[in-house]
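Me: I would like to learn how to read the features of a structure like this one, beginning with how helices pack. Could you take me through them one at a time, with the general idea ahead of each case?

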Amino acid sequence: MTETLLRYEFPSNEKLRTFLRLADLFKQLSWFAQQDNANDHRAAIIKYFEIQEVTTRGDQKNDLLHELARFRSCLEPLANNDNVDQESLKETLDKLQASRAELSCVGVRISHLSTQNEFLKTVGQRSGIPAGTCEFDVPVYHHWLHLPAEERKHYLNEWIKPLLPYSNAIDLILNLLRGTAELNDVEAVKGSYQKDLQGKTFTLLQVFVDPKLNMIPKISANRYLLSVRFSGANFGSGPIAEIPEVMPFRLGLCNM
């Protein structure tokens, strides 16, 4: 079962890499912002600025709008197909339309949001400097960190709110893409596995591995050949796991 396996995902293009990075950062930001400790809220601020940094290049809004429209155009022809759950299809199409409408209303790019708030602008200018947000560097940040937890959470939620259309769109796209996975149980011989793709392309590659094996996958692929090589996890101390002669793992190819 994939629930007991550790999933590794490898995107095939830069746009999807950005989506995956942002999805991870949004998840961390949300978790830290919901806590009560000042250090968690400090971590939330750091994640907020990491999101800003990731989005300085490219146009995520248009990329997401394009992907939402593309997924909708792929799914719409399935209407009235007797082999498709029409209720689920309608629900998915409605989600795509709602996400597209929500994102279309966004007027400010993610990377520009902090410049509209003097507090965030001040903290952001110092956050890239090691230990640059000490109390003597940014007294107002020191004051904010000592506000009551509920007051800090209120501010965090205000700052996160403009990010939600992006976060929701990315989650929807990734969930739909993962739902297209063609899963196969395969084996690596002496840590190596190859698959002839016969000219087929994939958008997202998934490798599911038993974490108890302490094996780490490395991927290389083009439209003709997919190669997965495993090596033992190395944390700088302790023995490195030996590569099994034959190692089972699960492979998923996602594309839409």
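Reply: In this predicted model, the axes of helix 2 (residues 38-54) and helix 5 (residues 118-127) come within 11 Å and cross at roughly 85 degrees. An angle from 65 to 115 degrees counts as roughly perpendicular, so helix 2 is roughly perpendicular to helix 5. On the side of helix 2 the contact is made by Ile45, Tyr48 and Phe49, and on the side of helix 5 by Leu120, Val123, Gly124 and Ser127.

Me: Which two quantities describe a pair of packed helices in general, and at what angle do the axes of helix 1 and helix 3 cross?

Reply: The general description uses the angle between the two axes together with the distance between those axes. For helix 1 (residues 14-34) and helix 3 (residues 60-75), the axes come within 11 Å and the crossing angle is roughly 105 degrees, and these two helices are therefore roughly perpendicular to each other. Lys15, Thr18, Phe19 and Leu22 supply the helix 1 side of the contact, while Gln60, Asp63, Leu64, His66 and Glu67 supply the helix 3 side.

Me: Glu67 appears in that list, and I would like to follow it further; is Glu67 buried or exposed?

Reply: Buried means under 20% relative accessible area, and because Glu67 has 8% relative accessibility, this residue of helix 3 counts as buried. Setting aside residues up to four places away in sequence, Glu67 touches Lys15, Phe19 and Ile173. Sequence distance and spatial distance should be read separately here, since Glu67 and Ile170 are 103 residues apart in sequence and 9.4 Å apart in space, taken from C-alpha to C-alpha.

Me: How should I read the backbone angle phi, and which sign does it have at Asn80?

Reply: In general, most residues other than glycine have a negative phi. Asn80, although it is not a glycine, has a positive phi of about 70 degrees. Asn80 sits in the loop between helix 3 and helix 4 (86-104), and with a relative accessible area of 71% it is exposed. Asn214 is likewise not a glycine and has a positive phi, of about 55 degrees; it lies in the loop between strand 4 (204-209) and strand 5 (215-221), and at a relative accessible area of 39% Asn214 is partly exposed.

Me: Turning to the strands, which residues does Glu187 touch once its sequence neighbours are left out?

Reply: Glu187 lies in strand 2 (residues 182-189), and beyond residues up to four places away in sequence it touches Tyr193, Val246, Met247, Pro248 and Phe249. One of these partners, Met247, is 60 residues from Glu187 along the chain, with 5.3 Å between the two C-alpha atoms. Glu187 has 48% relative accessibility and counts as partly exposed.

Me: Where does Arg229 lie, and what does it contact?

Reply: Arg229 belongs to strand 6 (residues 225-232). Leaving aside neighbours within four places in sequence, it is in contact with Gly191, Ser192, Ile216, Pro217 and Lys218. Arg229 and Ile219 are ten residues apart in sequence, and their C-alpha atoms are 6.7 Å apart in space.

Me: Finally, how do I step back to the chain as a whole, and what share of its residues is buried?

Reply: The protein chain holds eight helices and seven strands, its C-alpha trace spans about 60 × 60 × 30 Å along the principal axes, and buried residues make up 38% of its 256 residues. Of the contacts between residues at least 6 apart in sequence, 74% join residues at least 24 apart. The accessible surface comes to about 14900 Å², with 50% of that area belonging to carbon and sulfur atoms. As for charge, the chain carries 29 positive and 32 negative side chains, and the centres of the two sets lie 5 Å apart.

Terms used
Residues are numbered from 1 along each chain as its sequence is written. This is a predicted model: local features need pLDDT of at least 70, side-chain atom pairs count only at pLDDT 80 or more; totals for chains, interfaces and linings use all residues. Side-chain values use heavy atoms; hydrogens and water are left out. Helices (H or I, at least four residues) and strands (E, at least two) are DSSP runs, numbered from the N terminus. Buried means under 20% relative accessible area, exposed over 50%, partly exposed in between (1.4 Å probe, protein chains only). Contact means heavy atoms within 4.5 Å. Accessible areas come from the Shrake-Rupley method with a 1.4 Å probe; for residues, only the protein chains shown count as cover. Lys and Arg count as positive and Asp and Glu as negative; His and the chain ends are not counted. The place of a charge is taken as NZ of Lys, CZ of Arg, CG of Asp or CD of Glu. Axes are lines fitted to C-alpha atoms, for helices over the stretch in contact, and angles run from 0 to 180 degrees between N-to-C directions. Angles under 35 degrees count as roughly parallel, over 145 as roughly antiparallel, 65 to 115 as roughly perpendicular and the rest as oblique.
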